[in-house]
Amino acid sequence: MSTPQADRPEPRGFARYALALIPLVVFGGIAATAAKMLYDQDFHGKNISEIPSALIGTKAPELNLAPLEGSNLPPLTDSAIKGKLTLVNVFASWCLPCREEHPILTELAKDNRLNIVAINYKDKNESALRFLGELGNPYAAIGVDPNGKAAIDWGVYGIPESYLVATDGTILYKRVGPFDDVSLKEGLYPAMEKALGKPVS
């Protein structure tokens, strides 16, 4: 014979308190995760919206892009990066973070161990030339990607983005967003050092 609902004893002791603690535990877990993400963003320069690239450790997608007319630079093809430690940078003149990042790329270009090339993403030719004329040109080759097809092949979902490609064509490192001091020290430089077997400063 079943006990009427009204006559059933209420949960007591530990079980009762455990049920009351469940929402607090869930909230604490969410708060801890959010705090770690903010800490990583503020102190380690990590982009909390960044999705790890499935291309890291694989061969770089084929490059066969037309040159930026008027830049006097070669087109961006596989031969432009073959056998060289290369940073492939995706930029556009209309991208404000690209403008912020550009002085860092200019400094990186002074290291003759690093070949820097660019994919000019959904840009107007004259605007890209004006951008480079104003800020300088760190690139050894530039390929135009007016429809974004190459960017899709490379897994780009926001610019600027940069990919470090080994001499054998393997993607070693990806940076989403503009480079800064932290991302250089904790991301790009260690990847370069591993590839070169030498310190990078």
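These are my notebook entries on one helix, two loop residues and a pocket.

**Entry 1: the model**

I am working from a predicted model.

**Entry 2: helix H2**

I began with helix H2, which runs over residues 96-108 and has 13 residues. I looked up its reach from first C-alpha to last and found 19 Å. That is close to the 18 Å expected at 1.5 Å a residue.

Next I asked where H2 has a kink. I found the kink at His102, and it is about 40°. The proline Pro103 follows shortly after.

Then I checked which residues of H2 are buried. My list reads Cys98, Glu101, His102, Ile104, Leu105 and Leu108. So His102 is on the buried list and also marks the kink.

I wanted to know what covers these buried residues. Three strands are included in the cover: S3 (86-91), S4 (115-121) and S6 (161-165). Helices H3 (125-135) and H5 (181-196) are included too.

**Entry 3: Ser93, ahead of H2**

I moved to the loop between S3 and H2, where Ser93 lies. Is Ser93 buried or exposed? Its relative accessible area is 19%, and buried means under 20%, so I noted Ser93 as buried.

I looked up its contacts, leaving out residues up to four places away in sequence. Ser93 touches Asp123, Ser127, Ala128 and Phe131. I also took a distance to Leu129, which is 36 residues from Ser93 in sequence. In space the two are 8.6 Å apart, C-alpha to C-alpha.

**Entry 4: Asp111, after H2**

I then turned to the loop between H2 and S4, which holds Asp111. With a relative accessible area of 17%, Asp111 falls under the 20% cut-off, and therefore I recorded it as buried.

Which residues does Asp111 touch, not counting those up to four places away in sequence? I found Met192 and Val200. I also found a polar atom of the Asp111 side chain 2.9 Å from the backbone nitrogen of Arg113.

**Entry 5: the second largest pocket**

Last, I looked at the second largest pocket, with a volume of about 170 Å³. I went through its lining, which includes Glu62, Leu63, Val144, Pro146, Asn147 and Trp154.

I asked which elements each supply at least two lining residues. They are strand S1 (64-65), strand S5 (141-145) and helix H4 (149-153). H4 gives the largest share, three residues. Lys149, Ala150 and Asp153 are also among the lining residues.

Conventions. Residues numbered from 1 in each chain as written. Predicted model: local features only at pLDDT ≥ 70, side-chain atom pairs only at ≥ 80, totals over all residues. Heavy atoms only, no water. Helix = DSSP H or I, 4+ residues; strand = E, 2+ residues; numbered from the N terminus. Expected span 1.5 Å × (residues − 1). Bend = angle between axes of the 7 residues up to and from the residue. Buried < 20%, exposed > 50% of the residue type's maximum accessible area, 1.4 Å probe, protein only. Contact = heavy atoms within 4.5 Å. Polar contact = N/O pair within 3.5 Å; in protein donor to acceptor, adjacent residues only side chain to side chain. 1 Å grid on protein atoms, 1.4 Å probe; cavity = no way out; pocket = protein on both sides within 12 Å on 5 of 7 lines; lining within 4 Å. Points joined across faces, edges and corners; volume = space filled by probe spheres on them.
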